[in-house]
Amino acid sequence: MAKATIIDGKHFAARLRVSIAVQVARLKADHDLTPGLAVVLVGEDPASQIYVRNKGLQAREAGMNSFEHRLPADTSQTELLARIVELNRDSAVNGILVQLPLPKRIDPEAVIEAIAVEKDVDGFHPFNAGLLAVGGAGMVPCTPLGCLMMLKHYAGKLVGQRALVLGRSNIVGKPMAALLLREHCTVTIAHSRTRDLADECRRADILVAATGRAHMVKGDWIKPGATVIDVGINRIPTPDGKGRLVGDVDFDSAVAVAGAITPVPGGVGPMTIACLLLNTLNATCRQHGLPVPEVGPAAE
Ligand code: NDP
């Protein structure tokens, strides 16, 4: 049976980071500018700590300045907002990211809206979401941006392709659909109330799954030859008690049908951080009135 091309997100992201590092070095040499990324973490959630550490590490590896703000779990919303105001004013900081989820007492929307639009490298601010919806040049959320880059590379010409986005969250599903529409795909958004989900999937040349439901999309839901991007990160139990990460797509059955597919882990995840660096680079250029450089994965 035919087997899909496995999209190596780790390798793709590494090549993208090389290309970003080249532009960062150029910015330093030509304009004496070093992009600065501030990451704010409230509390001690172990997964968030790993994400924050990786973001800082990769920012530094790309030649950027990284500022980590670790705040205690009992930080109040007022204190967090005050920290964001400081970062908004700090000219060494070009990008601000507040690691989600936040403790229950803090309203994430109030926090996201406090971030200066031009420093919102997560692309979650309603102003940037609006710009994406109307086709303007704002900051695009990192995960869908990474998915789009891989699709441009692996799915052939996107114009006119039928794309199904499974999930309608503000951070993945909706911006993903807007990006695919911008590329002239015929876009359908499916969600928990969608009827005949399997049939909707079977019509799609491009399927982006972002539901957070382990192994929900089966191989026989996939159109033969389709490009499948699996955003989901789900931990399932294993006999040794450690658990393992799987996507929203049942990889073993899907790989026999799809034309190309991302694995979990090693697919979308690494691209998300690389796109955060890309947004930080672009934000720095825009804040200094410089053109946004053309950046794509460096040649092999
Ligand atoms: P949300 O929980 O915010 O959204 C999930 C979406 O999936 C909702 O729109 C929901 O529909 C839909 N959905 C849930 N169950 C079903 C179902 N049975 N059938 C059809 N649709 C369903 O999740 P996120 O968008 O934040 O994240 C999605 C997944 O992607 C998660 O596993 C998350 O961990 C992962 N993720 C991975 C990233 C990466 O870097 N790789 C980054 C961000 C997220 P409805 O709106 O009707 O409730």
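## A walk through the predicted model

Let's begin in a loop: Pro 101 sits between strand 4 (95-98) and helix 4 (108-114). Keep in mind that what you're looking at is a predicted model. The bond leading into this proline deserves a look, as the peptide link from Leu 100 to Pro 101 is cis, with omega near 0 degrees. There's another cis bond further along the chain, from Val 264 to Pro 265, and its omega is also near 0 degrees. Pro 265 belongs to the loop that runs between strand 11 (260-261) and helix 10.

Now zoom out for a moment. The domain assignment splits out domain 1 (33-116) and domain 2 (142-269). Taken over C-alpha atoms, the centres of domain 1 and domain 2 are 29 Å apart.

Back to helix 10, which covers residues 268-287 and includes Thr 280. Is Thr 280 buried or exposed? Its relative accessibility is 0%, so Thr 280 counts as buried. Leaving aside residues up to four places away in sequence, Thr 280 touches Pro 35, Gly 36, Leu 37, Met 64, Asn 94 and Val 121.

Helix 10 also meets helix 6. Their axes come within 8 Å and cross at roughly 110 degrees. An angle from 65 to 115 degrees counts as roughly perpendicular, and helix 6 and helix 10 are therefore described that way. On the helix 6 side, the residues that take part are Cys 142, Thr 143, Leu 145, Gly 146, Cys 147, Met 149 and Met 150. Facing them from helix 10 are Val 268, Met 271, Thr 272, Cys 275, Leu 276, Leu 278 and Asn 279. Sorted by class, this contact between helix 6 and helix 10 has ten nonpolar residues, four polar ones and no charged ones.

Stay with helix 6 a little longer, and turn to aromatic rings. How many aromatic pairs does the structure hold? There is one. Phe 12 and Tyr 154 make up this pair, with 6.1 Å from centre to centre and 45 degrees between the planes, which makes it tilted. Phe 12 lies in helix 1 (residues 9-31) and Tyr 154 in helix 6, so the pair ties together parts that are 142 residues apart in sequence. The two partners can be told apart by their surroundings: Phe 12 is buried, at a relative accessible area of 2%, whereas Tyr 154 is partly exposed, at 28%.

Next comes helix 7 (residues 173-182), where Gly 173, Pro 175, Met 176, Ala 177, Leu 179 and Leu 180 are buried. What covers these residues? The cover includes helix 5 (126-133) and helix 6 (142-154), along with strand 5 (162-166), strand 6 (186-190) and strand 7 (206-209). After helix 7 comes His 184, which has a positive phi, near 70 degrees.

Two other residues with positive phi round off the tour. Asp 196, which is not a glycine, has a phi near 50 degrees. You'll find Asp 196 in the loop between strand 6 and helix 8 (197-202), and it is exposed, with a relative accessible area of 57%. His 215 isn't a glycine either, yet its phi is positive, at about 55 degrees. Its place is the loop between strand 7 and strand 8 (227-230). With a relative accessible area of 23%, His 215 is partly exposed.

Methods
Residues are numbered from 1 along each chain as its sequence is written. This is a predicted model: local features need pLDDT of at least 70, side-chain atom pairs count only at pLDDT 80 or more; totals for chains, interfaces and linings use all residues. Side-chain values use heavy atoms; hydrogens and water are left out. Buried means under 20% relative accessible area, exposed over 50%, partly exposed in between (1.4 Å probe, protein chains only). Helices (H or I, at least four residues) and strands (E, at least two) are DSSP runs, numbered from the N terminus. Contact means heavy atoms within 4.5 Å. Domain bounds come from an automatic or database domain assignment. Rings of Phe, Tyr and Trp (its six-membered ring) pair if their centres lie within 6.5 Å; planes under 30 degrees apart count as stacked, over 60 as edge-to-face and the rest as tilted. Axes are lines fitted to C-alpha atoms, for helices over the stretch in contact, and angles run from 0 to 180 degrees between N-to-C directions. Angles under 35 degrees count as roughly parallel, over 145 as roughly antiparallel, 65 to 115 as roughly perpendicular and the rest as oblique. Ala, Val, Leu, Ile, Met, Phe, Trp, Tyr, Cys and Pro count as nonpolar, Asp, Glu, Lys and Arg as charged, and the others, Gly among them, as polar.
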